[in-house]
Amino acid sequence: MNTEFLIKDAKNFVNQNVTVRGWVFNKRSSGSIIFLQIRDGSGFIQTTVSKKDVPAEVFGQAHEITDESSIVLTGTIKAEPRSPYGFEIQAKDLKIISLAQAEFPIAAKEHGIDFLLSWRHLWLRSPRQWAILRIRSRMMNAINDFLQKEGYLRIDSPILTPSACEGTTTLFPVPYLPAWPDGDNQTVPSWLNPDQTKPYAFLSQSGQLYLEAAIAAHRKVYDFGPTFRAEKSKTKRHLTEFWMMDAEAAFMDFEELLGFEEKMICHLIQDVLDNCRAELQVLERDVKPLEKIQPPFLRLTYEETLKKLKELGSDIQDGEDLGNDDETTLMTHFEKPLFITRFPSAFKAFYFKRDKEKENLTLSNDLLASEGYGEIVGGGQREDDYEILLKRFREAGLNENDYGWYLDLRKYGSVPHSGFGLGLERLLAWICKLEHIREAIPFPRTIYRFTP
Ligand code: 4AD
Ligand code: MG
């Protein structure tokens, strides 16, 4: 008997006895044979429990089993070309660990999305959700591996932050209790900005500013963690909590940055094609469009993009930012990812370096994914001059005192540098071809809900 057996390894155990520990996700019965669909976390397999091959008591157990009951089952693995899994188990023994209540709330009927989201804790068990979260885990590792091989050091940036990285309208305030003890003595701690009168921190929108500090110590750095935006957007692309990988490199200019983003995305797509075939199959993902993701990506400036959009029938006006619909229009038109570069400063953050030729344009880029998906990466070259950066804070109506530490970086050995942020769930929505980004994270938080 092999107690360490996992379903994914069935091919190595043909005609051998194995013990599976897992869950029954479907049961069919044809009188003297009961078919149990079983999963164990590693994969799925069908088991036949035949009245003539097992003791009466075991057949009784199989008969009693409800969907989602947990079990220990012993049997022989057989090759079964008619099964979608290629193998099946002929049961010899079976014990119920915990009999699930009948009936499982999200049994295989059609359900509305709100219902499924309310039962997310159980919905995770469905094969589609299983496949998506396995690809998510794979991509997290692939991102780490890629950056480490490229010489990037992982730096963990803080989640509680004193000021905005990406605009003040999407900040989540959090009461910051230690700094404001109860009682009479409510003096502002010396390390807090004296202008700050309200007792809260903000959840991080991006670790970028902290990475900019770390490049002077480590040259090339990245972070990867949860980020937060109080997004009022009700689109299929927005979460209020999502995972971002920020990367930042000293001495990297704008052109090099685009090349690096391209290399990373191509690497990740290849990795998923090489390692997640079974999961993509569960999702019924057509992989042909992904196989076309090869360098070089298309590149258009913001101005060229506007021209293209107008040709494609958009009513976008000069100087306007692209909306979700514009991104969809473009990326339904183009087969490969698209870099849009040099956005006007009016709708980009304070930290972007400006174009030498056109002061009002930033050295910024968005990378848009194909098949209608739109932005998955935002990046750019950073302003490295102290006086100009100070001016930018003032123009943006931001209090420069909130950013004293960030300005310091331009006083002590400032260098040209660039970086970018990749939204993990946006990447996954594209790879898995999801209708909505909320399936790309285990427990999604959107403007509508933060439960379960
Ligand atoms: O374009 P964004 O806002 O850029 C930054 O935050 C930079 N500080 C990153 C950097 O340069 N280090 O966000 C980066 C990416 C977007 O391209 C998108 O993929 C994702 O983060 N993103 C979101 N994903 C889900 N829900 C949201 N509300 C998102 N907002 C941004
Ligand atoms: Mg962006």
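**Close-up views of a predicted model**

**View 1. Helix H1 lies across several strands.** In this predicted model, helix H1 (residues 56-64) lies across strand S1 (17-29), strand S2 (33-39), S3 and S5. Against S5, the helix runs at about 80 degrees.

**View 2. The strands that H1 crosses belong to a closed barrel.** Follow the five strands around and you get the order S1-S2-S3-S5-S4, with mixed pairing. Neighbouring strands here are turned by 55 degrees against each other on average, ignoring direction. For anyone new to sheets, the strands pair through backbone hydrogen bonds, either parallel or antiparallel.

**View 3. S5 has a parallel partner in S3.** Zoom in on strand S3 (residues 44-50) and strand S5 (residues 87-98), and you'll find three bridges between them, with the two strands running in the parallel sense. Two residue pairs are worth picking out here. Thr-47 sits opposite Ile-89 of S5, while Thr-48 has Gln-90 in S5 as its bridge partner.

**View 4. With S4, strand S5 pairs the antiparallel way.** How many bridges join S4 to S5? There are 10 of them, linking S5 to strand S4 (residues 70-79). To find your place in this pairing, look for Leu-73, which stands opposite Leu-94 in S5.

**View 5. Ligand 1 sits in a shell of 24 residues.** The closest of these are Glu-166, Gln-208, Asp-246, Glu-375 and Ile-376. Sorted by class, the shell is made of nine nonpolar, seven polar and eight charged residues. Which strands each supply at least two residues of this shell? They are strand S11 (241-250), strand S15 (374-381) and strand S16 (417-423).

**View 6. Side chain and backbone both offer polar atoms to ligand 1.** On the side-chain front, a polar atom of Ser-206 is 2.9 Å from a nitrogen atom of the ligand. Ile-376 uses its backbone instead: one of its N or O atoms lies 2.8 Å from a ligand oxygen atom. Val-377 joins in with a polar backbone atom, 3.4 Å from an oxygen atom of ligand 1. As for cover, ligand 1 taken alone exposes 620 Å², and the protein buries 94% of that.

**View 7. S7, S9 and S8 make an open sheet.** The three strands come in the order S7-S9-S8, and their pairing is antiparallel. Strand S7 (160-161) and strand S8 (173-175) are at the edges with a single partner strand each, so one side of each has no neighbour in the sheet. Between S8 and strand S9 (residues 200-203) there are three bridges. In this pairing, Pro-173 stands opposite Phe-202 in S9.

**View 8. Two cis peptide bonds are found in loops.** One runs from Ala-102 to Glu-103, with omega near 0 degrees. Glu-103 belongs to the loop between S5 and helix H2 (113-118). Another cis bond links Pro-295 to Pro-296, again with omega near 0 degrees. Where does Pro-296 sit? Look in the loop between helix H8 (288-291) and strand S12 (298-301).

**View 9. Glu-284 has a positive phi.** The angle is near 55 degrees, and this residue is not a glycine. Glu-284 itself is part of the loop that connects helix H7 (277-282) and H8.

Conventions:
Residues are numbered from 1 along each chain as its sequence is written. Chains are lettered from A and ligands numbered from 1 in the order in which they are written. This is a predicted model: local features need pLDDT of at least 70, side-chain atom pairs count only at pLDDT 80 or more; totals for chains, interfaces and linings use all residues. Side-chain values use heavy atoms; hydrogens and water are left out. A residue is near a molecule or strand if one of its heavy atoms lies within 4 Å of it. A polar contact is a pair of N or O atoms within 3.5 Å; within protein, one must be able to donate a hydrogen and the other to accept it, and residues adjacent in sequence count only if both atoms are side-chain atoms. Accessible areas come from the Shrake-Rupley method with a 1.4 Å probe; for residues, only the protein chains shown count as cover. Helices (H or I, at least four residues) and strands (E, at least two) are DSSP runs, numbered from the N terminus. Ala, Val, Leu, Ile, Met, Phe, Trp, Tyr, Cys and Pro count as nonpolar, Asp, Glu, Lys and Arg as charged, and the others, Gly among them, as polar. Two strands pair if DSSP finds at least two bridges between them. Axes are lines fitted to C-alpha atoms, for helices over the stretch in contact, and angles run from 0 to 180 degrees between N-to-C directions. Contact means heavy atoms within 4.5 Å.
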